[in-house]
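User: I would like to learn how to read the features of a model such as this one. Please take them in turn, with the general idea before each case.

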Amino acid sequence: MSAPQGTYQQSYRESIENPGGFWLDAAEGVEWSRKPTRALDDSERPTYRWFPDGTMNTCFNTLDRHVRDGRGDHIALIHDSAMTGEVRRYTYSQLLDEVARFAGVLTEQGVSAGDRVVVYMPMIPEAAIAMLACARIGAVHSVVFGGFAAKELAARIDDAQPVVLVTASGGLEPGRTVEYLPIVRSALDLASTPPHTVVVKARKEIPGSAADYGTDGGAWFDWDELAADAPSVGPVTVGATDPLYVLYTSGTTGKPKGVVRDNGGHAVALTWSMKNIYDIGPDDVWWTASDVGWVVGHSYIVYGPLFVGATTVMYEGKPVGTPDAGAFWRVIAQHRVAALFTAPTAIRAIRKVDPGAKELEKHDISTLRTLFAAGERLDPDTYEWASRTLSVPVVDHWWQTETGWAICANLRGLEPMPIKAGSPTVPVPGYRVEVVDPSGHPVAADTEGNIVIGLPMPPGTLTGLWRDESRFFASYLATFDGYYLTGDSGYLDEDGYLFVLGRSDDVINVAGHRLSTGSIEAVVASHPAVAECAVVGIHDEVKGQRPSGYVVLESGVSITPAVLREELVSMVREQIGAVATFRDVTVVDALPKTRSGKILRKTMRQIVDNEDYTVPSTIEDATVLNRLEERLRRL
Ligand code: COA
Ligand code: AMP
């Protein structure tokens, strides 16, 4: 197999040699209030800004322009809830109407351009409506995933300092309802800068309404009551470089990083990606099975498909158990989905329950052209199963919250390429991907190293961390001069295909959800019986990884392992959220460390996963490792 030579190679070369020209051409896909005359502002290197003199409105580009162009009756959004059994459809005109009125609600609550709005919502259309309404008035949304607990919500509130918080009475998980309002109430109590106003979308399935909290510190309002009387508000013009949203993601420490995305670069990049990566146009039905709380949901449930006038499916449910392992096939068949984007963990979950894909026989999924996977590595076994089962190309692509769209992909609309199992294929135009050794020198093909991206990164990638420039530099730009550090390690093969092997930091990926082991460790360490602890991400058959805790007890403490486990699991659940899926606790007599006191988490993970490992030369006491190995490999 040789490196792709055709259209891709040409586009890629142009994007690197003449990024200004390449991205100004791509900018034609966006409707501007003032067209940019230049693409890149590099006057403050290593920080870059795209389309510095362009002005536009993101919401206008997702809704108004399609209605104006006569596509108002086209379906923009299909909400399919496997939890309630209901399907709601919005045409572009209807969605525009709802968004313009909610923009009116926000305006009447004192939100103006540049103000932040925290959106803590389940997978209901109002989540997308709130996001688009913010974009319409130039406000900056910050969506917080519903699986996070009050403390995590409070940390994000304190960082973003929102004027308004938009929420719902709750979310539906299999076998239980998650009431959001008590969580919001305690987050506001924990926060030092709580917003004064909370807007609540009451769901008939879940108890709780604004009225229950209205007088309880701050003003709580009912979404429907406010929207009924609100004026429709038009899109305001913002600078291309103005922020569209802040999305918090896990770093190596407990404090989440507020990734900032601009308006103009984001619109250009996502519009380009829909055609060139996903091969999706206005007549297609597109489904991203993720959550609006993650970057995948931002980019490809809400913005990307609407930029190009397609129909987006928003699904509330799971791949299995709601009600069965045919749920995804049912949605594809019912809504005539052309392409599905999900995380490999969802495919593994389906395969585990229905290895012979018996459920598939009940559904006609002939509209499906492609299955896209991201969020974690698509392991070859899952790739083979999905390809065989679905008989469509199964396309891995690699990206991160920070980039907002794919770094490496098989560009189905530009030039489909041969697929290699285990690889997200090649760098997307605009991304100069290299693999370097610890001193920053490029390594030979097929040699593992740090995956870095040459600066500038293309439009749509993060413009910084919210109000934390020094962390932005320290996290991404300081390690290798002139490069962005992805935090992933891997290798490029002879054909220029990238293979991502995993994170080189303490970030883990559980069921496509990015978590910091540091934040889980902080909770575990706060238990009075715990002297020290390490949390590592170990292999999990369905979720890819899961956090596993190793605990050294304070001397003289007597607590049974079962009680300790129960207490730690509930502490993590209460302080971080159910999404942390922390269940494993092992008591050990010591943790392996380097002489400078750094815990050897990677070596511990390798031991638990039965991988070969080398004992670091800096180890403080090698006997600790031997004892640990004996204990862990027996588990
Ligand atoms: N609000 C509240 N709780 C939530 C939640 C939400 N939005 N999302 C998940 N949770 C809870 C779950 O109910 C579960 O709670 P439990 O411990 O009481 O059972 C816990 O968080 C863990 O959730 P999850 O890791 O999703 O496990 P699961 O067993 O419910 O489902 C999968 C496993 C594989 C089916 C599921 O993770 C999945 O579909 N993943 C798709 C991947 C995805 O969407 N990735 C996003 C990035 S692309
Ligand atoms: P998030 O920011 O939540 O999207 O998580 C980003 C991280 O998930 C990356 O840094 C990778 O570690 C991992 N990841 C995402 N997509 C892939 C992929 N296709 N292959 C391998 N790892 C991936």
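Analyst: A good place to start is a residue pair: N509 stands opposite R514 in β29. This is a predicted model, in which local features need pLDDT of at least 70 and side-chain atom pairs count only at pLDDT 80 or more, while totals for chains, interfaces and linings use all residues. Residues are numbered from 1 along each chain as its sequence is written, chains are lettered from A and ligands numbered from 1 in the order in which they are written, and side-chain values use heavy atoms, with hydrogens and water left out.

User: In which sense do β28 and β29 pair, and over how many bridges?

Analyst: Strands (E, at least two residues) and helices (H or I, at least four) are DSSP runs numbered from the N terminus, and two strands pair if DSSP finds at least two bridges between them. Here β28 (residues 507–510) and β29 (residues 513–516) are antiparallel, with four bridges. They make a hairpin with two residues between the strands, and A511 in that turn has a positive phi of about 55 degrees.

User: Where else should I look at the backbone?

Analyst: Most residues other than glycine have a negative phi, and most peptide bonds are trans. F51 is not a glycine, yet its phi is positive, about 55 degrees; F51 sits in the loop between β2 (47–50) and β3 (55–56). As for cis peptide bonds, one runs from T322 to P323, with omega near 0 degrees, and P323 belongs to the loop between β17 and α11 (327–335). Another joins L455 and P456, with omega about 0 degrees; P456 is in the loop between β24 (449–454) and β25 (464–465).

User: R514 is in the hairpin pair you began with. Which polar contact does the side chain of R514 make with ligand 2?

Analyst: A polar contact is a pair of N or O atoms within 3.5 Å; within protein, one must be able to donate a hydrogen and the other to accept it, and residues adjacent in sequence count only if both atoms are side-chain atoms. An N or O atom in the side chain of R514 is 2.7 Å from an oxygen atom of ligand 2. For the side chain of R503 the distance to a ligand 2 oxygen is 2.7 Å, and for that of T401 it is 2.5 Å. Taken alone, ligand 2 exposes 490 Å², of which the protein buries 94% (Shrake-Rupley areas with a 1.4 Å probe; for residues, only the protein chains shown count as cover).

User: How many residues are around ligand 2, and which come nearest?

Analyst: There are 15, with H397, T401, D488, R503 and R514 nearest; a residue counts as near if one of its heavy atoms lies within 4 Å. The shell divides into four nonpolar, five polar and six charged residues. In this scheme Ala, Val, Leu, Ile, Met, Phe, Trp, Tyr, Cys and Pro are nonpolar, Asp, Glu, Lys and Arg charged, and the others, Gly among them, polar.

User: What does the same reading give for ligand 1?

Analyst: Ligand 1 has 24 residues around it, and E173, R176, P319, K543 and R573 come nearest. A polar side-chain atom of R573 lies 2.8 Å from an oxygen atom of ligand 1. Backbone N or O atoms also reach nitrogen atoms of ligand 1: one of G146 at 3.3 Å and one of G147 at 3.4 Å. Alone, ligand 1 exposes 930 Å², and the protein buries 83% of that. Its shell holds ten nonpolar, seven polar and seven charged residues.

User: What is the strand order of the sheet with seven strands?

Analyst: The order is β5-β4-β17-β16-β18-β19-β20, in an open sheet with mixed pairing. β5 (87–91) and β20 (394–396) are the edge strands, each pairing on one side only. Neighbouring strands are turned by 20 degrees against each other on average, direction ignored; axes are lines fitted to C-alpha atoms, for helices over the stretch in contact, and angles run from 0 to 180 degrees between N-to-C directions. Within the sheet, β19 (residues 370–373) runs parallel to β20, joined by three bridges, and A373 stands opposite D396. Helix α5 (residues 125–137) packs on the sheet, in contact (heavy atoms within 4.5 Å) with β4 (75–81), β5 and β17 (311–316), and its direction makes about 30 degrees with that of β5.

User: Why is one side of β23 and of β27 left without a neighbour in the sheet?

Analyst: These strands belong to an open, antiparallel sheet of four with the order β23-β24-β26-β27. β23 (432–436) and β27 (498–503) stand at its edges with a single partner strand each, so one side of each has no neighbour in the sheet. The twist averages 50 degrees from one strand to the next. Five bridges join β26 (residues 483–492) to β27 in the antiparallel sense, with S489 opposite G502.
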